[in-house]
Amino acid sequence: MHEPKEAMTWAKGLGEGDRGRAMAEVANSWAMVEPESAASYVEGLPPSPERKRAATRVAERWATHDPDAALAWMSETVDASDRDSVASIVTSWAHDQPERAWAWIGKQEDPEAQRRYYSSAYAVLYARDKQLAERVVDESQLDPDFRASLSSSVSSSKKRCCTCTADPE
């Protein structure tokens with residue numbers, strides 16, 4: 001991308017329907033080559049759905065190369081209503097690097113966000129490798145009740161899924 005700021009200015013001038021998509025694409029392309037610059041620019045945008053979407057795309061792209069930095073930035077940048085964007089990135093990271101993702105989650109100070117991240121990461125990890133998921137949880141310092149809730153939430157969603165797809169007898 002030759003002139004990302006100019007491209008972002010162009011995207012901001014588009015109509016409401018196209019603006020968010022264009023801003024997210026510009027942010028995504030910019031983050032491929034200069035994630036810190038793209039992140040800094042997005043931080044300066046006024047709060048809006050477009051900013052949220054652009055921030056998510058920057059963090060997702062950045063996370064492919066440096067998940068620690070991307071998640072640290074996203075955690076500091078987003079407000080509590082946008083924790084789903086961080087959870088999405090954590091979930092992707094948990095699929096590729098489960099132990100690192102789990103360790104990062106454990107360092108988070110917001111207990112509510114931390115539980116959400118653990119739940120998302122555990123679900124994807126359990127789907128990928130049940131034994132690894134159980135080992136990671138067993139080795140963690142999580143509250144025993146929360147550990148049990150992680151296992152039961154995956155089991156109950158699996159039962160619901162199996163019940164929906166099974167042929168009635």
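**Exercise 1.** Determine whether Y117 is buried or exposed in this predicted model.

*Solution.* The relative accessible area of Y117 is 1%. Residues under 20% count as buried, so Y117 is buried.

**Exercise 2.** Classify the ring pair of W104 and Y117, and locate both residues in the chain.

*Solution.* Step one concerns the approach to the problem: a pair of aromatic rings is described by the distance of the centres and the angle of the planes.

Step two applies the distance criterion. Seven aromatic pairs are counted under a limit of 6.5 Å between centres. For W104 and Y117 the ring centres are 5.8 Å apart and the planes stand at 35 degrees, so this pair is tilted; planes under 30 degrees apart would count as stacked, and those over 60 as edge-to-face.

Step three places the residues. W104 belongs to helix α7 (residues 98–106) and Y117 to helix α8 (residues 111–128). The two are 13 residues apart, and their pair links distant parts of the chain.

Step four adds the surroundings. W104 has 8% relative accessibility and therefore counts as buried. One aromatic cluster is formed by W93, W104 and Y117.

**Exercise 3.** State which residues have the most contacts inside the largest nonpolar core, and which helix gives the most to this core.

*Solution.* The largest nonpolar core comprises 48 residues. Inside this core, the most contacts belong to V58, W73, V90, W102, W104, Y117 and Y122. Helix α8 gives the most to the core, with seven residues. As a general background, nonpolar side chains in soluble globular proteins tend to be buried together.

**Exercise 4.** Compare the span of helix α4 with its expected value, then examine T56 within that helix.

*Solution.* Helix α4 (residues 49–63) has 15 residues. From its first C-alpha to its last it reaches 21 Å, close to the 21 Å expected at 1.5 Å a residue. Its buried residues are E50, R51, A54, A55, T56, V58, A59, W62 and A63.

T56 lies in α4. Its relative accessible area is 13%, so T56 is buried. Leaving aside neighbours within four places in sequence, T56 is in contact with M74, S85 and I89.

**Exercise 5.** Describe how helices α1 and α2 are arranged, and which residues make the contact.

*Solution.* The axes of α1 (residues 4–12) and α2 (residues 16–33) come within 8 Å and cross at roughly 170 degrees. Because angles over 145 degrees count as roughly antiparallel, α1 is roughly antiparallel to α2. On the α1 side the contact is made by P4, K5, A7, M8, W10, A11 and K12; α2 contributes R19, A22, M23, V26, A27 and W30.

Definitions and conventions:
Residues are numbered from 1 along each chain as its sequence is written. This is a predicted model: local features need pLDDT of at least 70, side-chain atom pairs count only at pLDDT 80 or more; totals for chains, interfaces and linings use all residues. Side-chain values use heavy atoms; hydrogens and water are left out. Rings of Phe, Tyr and Trp (its six-membered ring) pair if their centres lie within 6.5 Å; planes under 30 degrees apart count as stacked, over 60 as edge-to-face and the rest as tilted. Helices (H or I, at least four residues) and strands (E, at least two) are DSSP runs, numbered from the N terminus. Buried means under 20% relative accessible area, exposed over 50%, partly exposed in between (1.4 Å probe, protein chains only). The expected span of a helix is 1.5 Å times one less than its number of residues. A nonpolar core is a set of buried Ala, Val, Leu, Ile, Met, Phe, Trp, Tyr and Cys residues joined through side-chain atoms within 4.5 Å. Axes are lines fitted to C-alpha atoms, for helices over the stretch in contact, and angles run from 0 to 180 degrees between N-to-C directions. Angles under 35 degrees count as roughly parallel, over 145 as roughly antiparallel, 65 to 115 as roughly perpendicular and the rest as oblique. Contact means heavy atoms within 4.5 Å.
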